[in-house]
Amino acid sequence: MPTKAKGLEDLFHDTLKDIYYAERKILKALPKMARGAQAPELKAAFEKHKDQTEGHVERLQQVFEIFGKRAQGKTCPAIDGIIEEGEEILDEFKGTPAGDAGLISAAQAVEHYEMTRYGTLKRWAEILNKPDAANLLGQTLSEEETTDKDLTKIADSSANRKALAA
C-alpha cells in the first residue's frame with residue numbers, strides 16, 4: 001500500500017513539534033543562565049524571557065489545538081547543541097569579565113534559532129489559511145525579536161566593554 005505523500009501541513013506540524021521541544025528546553029536553561037549572569041540587567045532579561053517563554057509554550061499549545069493535534073515535542077538536535085554550547089560558556093567563563101558577553105552570545109544564538117522557526121511557521125500558517133495560528137506565531141516572533149534587540153543593548157552598553165577590559 002503506497003504511503004500518502006507528505007505536504008506542507010505535515011511539514012508545519014513537524015516543525016511545530018520541533019519548536020515546542022525547543023521552548024520547553026529553553027525554559028529549563030533560562031534559570032541557570034540567570035544565576036550565571038553577573039550584571040543585574042542581564043539577570044533581569046533572562047528572568048523576563050523565562051516568563052515570556054512560558055507564554056510561548058501556551059501559544060504553541062493553542063496552535064496545536066487549531067490544527068487539531070496533540071501538543072507534543074520532537075527532539076531537536078539544533079537547540080540541544082545551542083544550549084550545550086551555552087552551558088560550556090557558562091562553565092568556562094562564569095565569574096569572569098567575559099562571562100556576561102558569552103551568555104549574551106549564547107542567548108542570541110537561541111533567539112536567532114527561534115526567530116527562524118517562528119518566521120517560517122507564521123508564513124506557513126498563513127499559506128495553510130490558519131490566520132489565528134499565524135497571529136499567535138507572529139506574537140511570539142515579535143517577542144523573540146525584541147528580546148534579541150534587548151540583549152544587543154546590554155552587550156553594547158556594558159558586557160562587551162567589560163570583557164574587552166579584562
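**View 1. Just after α4, N129 takes a positive phi of about 60°.** N129 is found in the loop between α4 and α5 (131-165). Its phi, near 60°, is a positive value in a residue other than glycine. For context, most residues other than glycine have a negative phi. Is N129 buried or exposed? At 63% relative accessibility, N129 counts as exposed (buried means under 20% relative accessible area, exposed over 50%, and partly exposed in between, with a 1.4 Å probe and protein chains only). If you want a long-range ruler, take N129 and I83: they sit 46 residues apart along the chain, and their C-alpha atoms are separated by 34 Å.

A quick word on what you're looking at: this is a predicted model, where local features need pLDDT of at least 70 and side-chain atom pairs count only at pLDDT 80 or more, while totals for chains, interfaces and linings use all residues. Residues are numbered from 1 along each chain as its sequence is written, and side-chain values use heavy atoms, with hydrogens and water left out.

**View 2. The whole chain comes to five helices and zero strands.** From the N terminus on, the elements run α-α-α-α-α. Helices (H or I, at least four residues) and strands (E, at least two) are DSSP runs, numbered from the N terminus. The C-alpha trace spans about 65 × 30 × 20 Å along its principal axes. Of the 166 residues of the chain, 42% count as buried.

**View 3. Helix α1 (residues 8-36) bends by about 30° at A29.** A proline, P31, follows that bend within four residues. The bend at a residue is the angle between axes fitted to the seven residues ending there and the seven starting there. End to end, α1 has 29 residues and reaches 41 Å from its first C-alpha to its last, close to the 42 Å expected at 1.5 Å a residue (the expected span being 1.5 Å times one less than the number of residues). D18 has its place in α1 too, and at 8% relative accessibility D18 counts as buried. D18 and R59 are 41 residues apart in sequence and 14 Å apart in space, C-alpha to C-alpha.

**View 4. Where α1 meets helix α4 (residues 99-127), the axes come within 10 Å and cross at roughly 155°.** That makes α1 roughly antiparallel to α4. Axes here are lines fitted to C-alpha atoms, for helices over the stretch in contact, and angles run from 0 to 180 degrees between N-to-C directions. Angles under 35 degrees count as roughly parallel, over 145 as roughly antiparallel, 65 to 115 as roughly perpendicular and the rest as oblique. The residues of this contact divide into 18 nonpolar, two polar and five charged. The classes go like this: Ala, Val, Leu, Ile, Met, Phe, Trp, Tyr, Cys and Pro count as nonpolar, Asp, Glu, Lys and Arg as charged, and the others, Gly among them, as polar. α1 passes α4 in a left-handed crossing, a label used if the near helix is turned anticlockwise from the far one by less than a right angle, with right-handed if clockwise. As for α4, it has 29 residues and reaches 42 Å from its first C-alpha to its last, close to the 42 Å expected at 1.5 Å a residue.

**View 5. F46 lies in helix α2 (residues 40-66).** F46 is buried, with a relative accessible area of 2%. How many residues separate F46 and P31 in sequence? They are 15 residues apart there, and 7.3 Å apart in space, C-alpha to C-alpha.

**View 6. The axes of α2 and α5 come within 10 Å and cross at roughly 165°.** That makes α2 roughly antiparallel to α5. By class, the contact of α2 with α5 has 11 nonpolar, eight polar and seven charged residues. The crossing of α2 and α5 is left-handed.

**View 7. In α5 there is a kink of about 55°, centred on A155.** α5 has 35 residues and reaches 49 Å from its first C-alpha to its last, close to the 51 Å expected at 1.5 Å a residue. P131 lies in α5 as well, and at 53% relative accessibility P131 counts as exposed. P131 and I79 are 52 residues apart along the chain, with their C-alpha atoms separated by 27 Å.
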